[in-house]
Amino acid sequence: MAKINEIDTEFFADERTSDFTVIGTPAQRSDALGHVTGRTEFFEDRAFPDLAHVKIHRSVHHHARIDDIDCSEALAVPGVLRVITHHDVPANWYLVLRLIGVEPLDEPVLAEDRVLYVGEPIVAVVADTEAAAIEGASRVKVSYTELPAVLDVEEALSPDAPVIKKDGTNYFVYEGHHARRIRFGDVEEGFAQADHVFEWRYSSAPIEHAPTETTGCIVVPQSGNRLLIHSNTQAAFFTLDNTALILDRPFTDLQVKGGTVGGGFGGKVDVMVEPLACIAATLTNRPVKFVYSREEEMQVSSPRAAERIYIKDGVMADGRIVARKVMLYVDSGAYSRHTPYGTTKAAAHLPGPYTIPNVHADCHCVYTNRTPSSAMRGFGVTIADFAIESQMDRIARALDIDPLELRLRNAYRDGDMKAHRKVASGTALIEVIQRAAALVGHDLPPEYLALSSSTPREA
């Protein structure tokens, strides 16, 4: 077996010119050589003298009022340096997406008077060693009054559901509306003229990213009261800007050094560890490490949101869809994070790549007493696509129509008006279906082979 310094690096050499010939050829990842030779540096590979550690005391209830917090036993643990509560956080309420104008700020860095999900952070303990920090966090005493919890998206929207959000609704408000809405044509009239009406429900469960490297950072005090943040964030500027806002400090006080992520898939775009590590480093004037255990990564890092989708279609006997009504419920969990944006992405993707004259959609971003959800690989779009295309297959079976022919009958073409009142252009869906059918030996009738995305639709 070749030694590291004997690896044939010719494989990694990229001698292609920039002539856009990548498709169909091997393409070298920019970080491949470092990974396979073991030279890639992750944030935990850095060692600093006098490194302190942060661990968290977390909620044991889905929904509860905090009556009292007693940190005396935690402070008595040998090696414990400080405890941090919400009083130590300069701007405790935040929302990652405020950087693009999304409001209100709805999540505390550390809980104040109540907790909204199991695992919500309440107290951070800073200690000389990781073991001391863990012991100190375990000795924090929190007195609660348990409150009713809501754990289902549709129950959360019912009139008698307990309101869990301080703004008075269990849903994100989009421009004064209870949901991100689409209104195009008259969907009820479309259902009335349809030969068939089909309605099915689709759902997904939360998915944890389970990265090989758990979420974490090391913060090192610098001269001039500046802070250097070694992080495995996927979004360095989201991290820098949000952390500065939480610390109520100029952005120029912070430097984020990242670039290497040991698995993220969207889960490391949230700003979860850096603000508390920065506060701990400032209070102790020592380098501070805050990294999730595997249990914490599985319990409290943001999963893909669970979604529930109802699709009702009015269809003519020949397979033309004349009306589509979609009710989408996205489980944001206790706080917003990236889910209002993900819900908007879902709405933007409806009603799929099909020209339907009557469309009605309500896409709800719902708050429940579950772990807050966030970004994950096409979030908002992935499950919507699954539901839409499953719906198309079920309609095809019900009407005994070839599923590709059903899609070709309804595929949008250049010049069609989409449900968002945008004119479709550069569609090419018809050609993609035709090519896919040819590749798998699926024969299409001549009239479907003759279709083109550039041919105007008959009135």
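Colleague: Which residue in E7 does Ile84 stand opposite?

Modeller: In this predicted model, strand E3 (residues 80–84) is joined to E7 by four bridges. The two strands run antiparallel. Within E7, the residue that stands opposite Ile84 is Ala124.

Colleague: Which residue of E7 stands opposite Val54?

Modeller: Strand E1 (residues 52–58) also pairs with E7, in the antiparallel sense. Six bridges make up the pairing of E1 with E7. Opposite Val54 in E7 stands Val126.

Colleague: How many residues of strand E7 are buried?

Modeller: Strand E7 covers residues 121–127 and has antiparallel partners in E1 and in E3. The strand is mostly covered, and the count of its buried residues is seven of seven.

Colleague: Are helices H6 and H7 parallel, perpendicular or oblique to each other?

Modeller: The axes of H6 (residues 236–247) and H7 (residues 274–284) come within 9 Å and cross at roughly 50°. An angle under 35 degrees would count as roughly parallel, and one of 65 to 115 as roughly perpendicular. The crossing of H6 and H7 is right-handed. The two helices are therefore oblique.

Colleague: Which residues of H6 and H7 make the contact, and how do they divide by character?

Modeller: From H6 the contact draws on Thr239, Thr243, Ile246 and Leu247. From H7 it draws on Glu274, Pro275, Cys278 and Ile279. By character, the residues of this contact are five nonpolar, two polar and one charged.

Colleague: Why is H7 described as largely enclosed by the rest of the structure?

Modeller: The buried residues of H7 include Glu274, Pro275, Cys278 and Ile279, and these four also take part in the contact with H6. Leu276, Ala277, Ala280, Ala281 and Thr284 of H7 are buried as well. The helix is largely enclosed because the buried share of its residues is nine of 11.

Colleague: Is Asn285, which follows H7, buried or exposed?

Modeller: Asn285 lies in the loop between H7 and strand E14 (288–291). Its phi is positive, about 55°, although Asn285 is not a glycine. Exposed means a relative accessible area over 50%. With a value of 60%, Asn285 is therefore exposed.

Colleague: Is Ala210 buried, partly exposed or exposed?

Modeller: Ala210 is another residue with a positive phi, about 50°, although it is not a glycine. Its place is the loop between strand E10 (196–203) and strand E11 (216–221). Buried would require a relative accessible area under 20%, and exposed one over 50%. At 42%, Ala210 is therefore partly exposed.

Colleague: Which strands do the buried residues of H9 pack against?

Modeller: Helix H9 spans residues 339–349, and its buried residues are Thr339, Pro340, Gly342, Thr343, Lys345, Ala346 and Ala347. The strands against which these buried residues pack are E9 (180–184), E16 (321–333) and E17 (359–367).

Colleague: What is omega for the cis peptide bond that joins Leu350 and Pro351?

Modeller: Pro351 is found in the loop between H9 and E17. The peptide bond joining Leu350 to Pro351 is cis. Its omega is about 5°.

Colleague: In which loop is the place of Pro104?

Modeller: Pro104 is preceded by Glu103, and the peptide bond from Glu103 to Pro104 is cis. The omega of this bond is near 5°. The place of Pro104 is the loop between strand E4 (93–94) and strand E5 (107–108).

Methods: Residues numbered from 1 in each chain as written. Predicted model: local features only at pLDDT ≥ 70, side-chain atom pairs only at ≥ 80, totals over all residues. Heavy atoms only, no water. Axes fitted to C-alpha atoms, helices over the stretch in contact; angles between N-to-C directions. Parallel < 35°, antiparallel > 145°, perpendicular 65-115°, else oblique. Left-handed = near helix turned anticlockwise from the far one by under 90°. Contact = heavy atoms within 4.5 Å. Nonpolar A, V, L, I, M, F, W, Y, C, P; charged D, E, K, R; others polar. Buried < 20%, exposed > 50% of the residue type's maximum accessible area, 1.4 Å probe, protein only. Pairing = 2+ DSSP bridges.
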